[in-house]
Amino acid sequence: MEQTQSNKEKTKKIKLDFKDSKYSTGRRKKSIAKVWVKKGSGKIFVNGKMMVDYFKRPMHQLIVTRPLEITNVLNNYDVKCSVTGGGLSGQAGAIILGISRALIIHEQGLKKELKKDKLTTRDSRVVERKKYGHRKARRSFQFSKR
């Protein structure tokens, strides 16, 4: 009985108060991130979990915190993200754009620093579609002369 209670506590989502926050969206590949930013202590939540628990790879964690590190406001803002679609890499890229846009809404002075590192523009690259008569988007079937 004690084990079931501890499992419920672990899976229980964290309830957050983001009433006076700024909202923005970010997209990358098939991922869409809804991001809320408010003054706080530097906590980042993704889909109700701490960022460290959601993104296990350190590279993804660095990517997500990049806009906050560049503007030197890592410990000044709390971030809440809701991400859907795509893989972890695309989701991290969507969160970056969302955080950058929300920070600009919060403080206009940060736009220059974020724009210098190209964090304010959407990365429009997506997977190319497969064509008929080909194995993949560009790869053809093996040709046999004889």
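Which side chain meets Glu107 in a salt bridge, and at what N to O distance? The partner is Lys39, at 3.8 Å, N to O. A salt bridge here is a side-chain nitrogen of Lys or Arg within 4 Å of a carboxyl oxygen of Asp or Glu.

The model is predicted: local features need pLDDT of at least 70, side-chain atom pairs count only at pLDDT 80 or more, and totals for chains, interfaces and linings use all residues. Residues are numbered from 1 along each chain as its sequence is written, and side-chain values use heavy atoms, with hydrogens and water left out.

**Overall layout**

The chain has five helices and five strands, in the order α-β-β-β-β-α-α-β-α-α from the N terminus. Helices (H or I, at least four residues) and strands (E, at least two) are DSSP runs, numbered from the N terminus. Of the 146 residues, 32% are buried; buried means under 20% relative accessible area, exposed over 50%, and partly exposed in between (1.4 Å probe, protein chains only). Among contacts (heavy atoms within 4.5 Å) with a separation of 6 or more, 69% join residues 24 or more positions apart.

**Salt bridges**

The count of salt bridges is five. The table gives three of them, including the pair named at the start.

| Pair | Closest N and O atoms |
|---|---|
| Glu107 and Lys39 | 3.8 Å |
| Arg28 and Asp123 | 3.5 Å |
| Asp123 and Arg125 | 2.8 Å |

Glu107 lies in the loop between α4 (88–106) and α5, and Lys39 in strand β2, so their pair ties together parts 68 residues apart in sequence. Glu107 is partly exposed at 31% relative accessible area, while Lys39 counts as exposed at 52%.

Arg28 is in strand β1 and Asp123 in the segment after α5 (111–116), 95 residues apart. Arg28 is buried, with a relative accessible area of 15%; Asp123 is partly exposed at 26%. Arg125 counts as exposed, at 57% relative accessibility. Through shared partners, Arg28, Asp123 and Arg125 are joined into one network of salt bridges.

Asp78, in strand β5 (residues 77–84), is buried yet has no salt bridge. The nearest side chain of opposite charge, Lys38, is 5.0 Å away; Lys and Arg count as positive and Asp and Glu as negative, while His and the chain ends are not counted. The side chain of Asp78 does reach the backbone nitrogen of Ser41, at 3.0 Å.

**Aromatic rings**

Rings of Phe, Tyr and Trp (its six-membered ring) pair if their centres lie within 6.5 Å; planes under 30 degrees apart count as stacked, over 60 as edge-to-face and the rest as tilted. The count by this rule is two aromatic pairs. Tyr23 and Trp36 form a tilted pair, 5.2 Å centre to centre with 50° between the planes. This pair links strand β1 (residues 22–28), which holds Tyr23, to strand β2 (residues 31–39), which holds Trp36, across 13 residues. Tyr23 is partly exposed at 39% relative accessibility, and Trp36 is partly exposed at 23%. Tyr54 and Phe55 form an edge-to-face pair, at 5.0 Å centre to centre and 90° between the planes; both residues are buried.

Lys80 lies over the face of Trp36, 4.8 Å from the ring centre. This label requires NZ of Lys or CZ of Arg within 6 Å of the ring centre and within 35 degrees of the ring normal.

Leaving aside neighbours within four places in sequence, Tyr23 is in contact with Lys34, Val35, Trp36 and Ile105. The C-alpha atoms of Tyr23 and Arg101 are separated by 8.5 Å, with their positions 78 residues apart along the chain.

Key. Polar contact = N/O pair within 3.5 Å; in protein donor to acceptor, adjacent residues only side chain to side chain.
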